[in-house]
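Q: Could you take me through one small part of this predicted model up close, and then show me how the rest of the chain is put together around it? I would like to start with a single loop.

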Amino acid sequence: MGIIALIAIALVAIYFTTFPSTPTQTPTTTTQATPTPSPTPTPTPTTPTPTPTTTPTTPTTPSPTTTTPSVCTTLTVITRHPTDILDVTRSLFLKSDVAKKYGIKDIIFRPVAAGQWRALIQAGQVDVAWGGGPTLFDSLYKDGLLLPLEGDEVKEALAQIPKTIAGMPMTRTGPDGRVYWVAWAVSSFGFTINKKVLERVGLPEPKTWADLASLEYGRGVLKGFPVTGLANLPASTSNTRIAEIILQAYGWDEGWRVITITAANGRIFGGSEPVRDAVIAGEIGAGWTIDFYGYTAQLQNPDTKYIIPPDTSVNGDPIAVVRGTKCREAAEAFVAWVITEGQRVVFDHRINRMPVNPNAFNTPEGRQRPDLKTVYDYMLTLRTIDFNDTLALSVENVVMYYFQAAITDNSDVLQQVWMRLVKAYLDGKLDRATAEALARRLGEPVTFTDPDTGQPVKLTLEYAVKINDRLADAAFRDKIQAAWRDAARRKYQEVAGKIP
């Protein structure tokens, strides 16, 4: 038995020395289980009190957890951003520790129209949605197409973002207390001024939209130097949005007075870029601009200044992880990077956006932009209007094409009548009350002959909503623009007849 036992032990030893060792496990591409968020009601935007920021620290992407992440070599991002933002982001992110940790080798950006987003998300072809404004993202959230941002890393990043800026929320938090989108940048609409031009004409810096439509700003027209500038609305989405903001801030009738007299006080350009460039060159003293055009102007000419009036709209531009992603961990890591380390993208001279994370200003790039830091700090205490995107879209065609017909196409007559009115006021032939009443009449929406009924009708807000979609038809648009053009010219001539 002793010999047999020795032989058995020897055979077992030989077996274990020749059996191959278990291979080391390596991360493999996995499919993430995609939790479906509980149905939530339509979000109601709130305006909480802004949370003051603490002394900025350098933003850092939260360290990935020690748990080995699932490997997703490619992220697909649906976006409304232009290529300059996307190119800089791809270059910086793919070099980051986050990309290396999660094995991300490439980002595919799909800059497609908002109307195509739902189908792509529902088909599971997207991981992240980025840019396009809060209205679009709230709609996706309402339809259950966004996932809550739940990972430890992204939650740590979210803690660096102010709850509100200019009174507007920088995250969408559901009734369940979870965050479904977070802003990566702050967008605003205002005007860019050239301080030297205004000083030369003897005008104060404007503080509100209405300041650009004042009798005082009419002094520039009398001196042969129209001070204000705006774009023909069909040629500029940003200037169309500014007109919509004014109409909501002041009301339909008074809003049109502000828009009309601003045009009378200056020049109408073929697009928003020429407006910005005219301010930079000193050709005008104040022009309607989206924020990043103003920031660009400040870089190119220190005599320029971007101003955000209180009667404007400010919002956060969202980023979110979408339902159906197979790379949830990596997608959340990308979101966390964008709102922390990736904030330096906004400081690129080709981009010039406002970061949402205050710590971005403590980076080397951020410390070189004290102009942006000044605006950021101002926005933390600012209260702006609660802009209604649905209302704006319901009259957008009318706003664009009425402006073109009544104001742009009649700009010569409009400005001649306005010059006479301002001169009569400054010469003492009109008291201020009468001059302002005539100015209101000059800017009042027209009463015109309805091309369908042949009856006179006033362009009220209700009428604008009723016909807005019909302006997509070129034949109807041509007929109604002709009616608006003729009615506006008659109205301007009527006002001229009342000026002594």
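A: The loop between β5 (164-165) and β6 (168-169) is where A166 is found. The backbone of A166 deserves a look: its phi is positive, about 55°, although A166 is not a glycine. Most residues other than glycine have a negative phi. A166 also counts as buried, because its relative accessibility is 1%, and the cut-off for buried is under 20%. Keep in mind that you are looking at a predicted model.

A second residue makes a good companion to this one. N352 is not a glycine either, yet has a positive phi of about 55°. You will find N352 in the loop between α13 and β14 (354-355). With a relative accessibility of 1%, N352 counts as buried.

Helix α13 (328-338) takes us on to the aromatic residues. F334 sits in helix α13, and its ring partner W130 is in strand β3 (residues 128-130). Their rings meet edge-to-face, with 6.0 Å from centre to centre and 85° between the planes. The two residues are 204 apart in the chain, so this pair links distant parts of it. Both partners are covered: W130 is buried at a relative accessible area of 1%, and F334 is buried at 0%. W130 and F334 also belong to a cluster linked by ring pairs, together with F93, F109, W184 and W337. Across the whole structure, a search finds 19 aromatic pairs. Another of these is formed by F292 and Y293, again edge-to-face, at 5.3 Å centre to centre with 80° between the planes. Here F292 is partly exposed, with a relative accessible area of 25%, while Y293 counts as buried at 13%.

Just ahead of α13, there is a disulfide to look at. C327 lies in the loop between β13 (314-322) and α13, and C72 lies in the loop between α1 (2-18) and β1 (74-79). These two cysteines form a disulfide with their sulfur atoms 2.2 Å apart, and the count for the model is one disulfide. The torsion about the S-S bond is about -100°, so the disulfide is left-handed. C72 and C327 are 255 residues apart, and the pair links distant parts of the chain. C72 and C327 are both buried.

Further along the chain comes helix α17 (residues 411-426). Its 16 residues should span 22 Å at 1.5 Å a residue, and the end C-alpha atoms are indeed 22 Å apart. The buried residues in α17 are V413, L414, V417, W418, L421, V422, A424 and Y425. Viewed down the helix axis, they fall within an arc of 160°, so they line one face of α17. That buried set packs against α8 (219-222), α10 (252-264), α16 (389-408), α18 (432-443) and α20 (474-496). After α17 comes G428, which has a positive phi near 85°.

Stepping back, the protein has 20 helices and 16 strands. Of its 500 residues, 53% are buried. Among contacts between residues at least 6 apart in sequence, 77% join residues at least 24 apart. The protein exposes about 21700 Å², of which carbon and sulfur atoms supply 54%.

Notes:
Residues numbered from 1 in each chain as written. Predicted model: local features only at pLDDT ≥ 70, side-chain atom pairs only at ≥ 80, totals over all residues. Heavy atoms only, no water. Disulfide = S-S within 2.5 Å. Helix = DSSP H or I, 4+ residues; strand = E, 2+ residues; numbered from the N terminus. Buried < 20%, exposed > 50% of the residue type's maximum accessible area, 1.4 Å probe, protein only. Contact = heavy atoms within 4.5 Å. Areas by Shrake-Rupley, 256 points an atom, 1.4 Å probe, with all protein chains shown as cover. Expected span 1.5 Å × (residues − 1). Arc of directions from axis to C-beta. Phe/Tyr/Trp six-rings, centres within 6.5 Å; stacked < 30°, edge-to-face > 60°.
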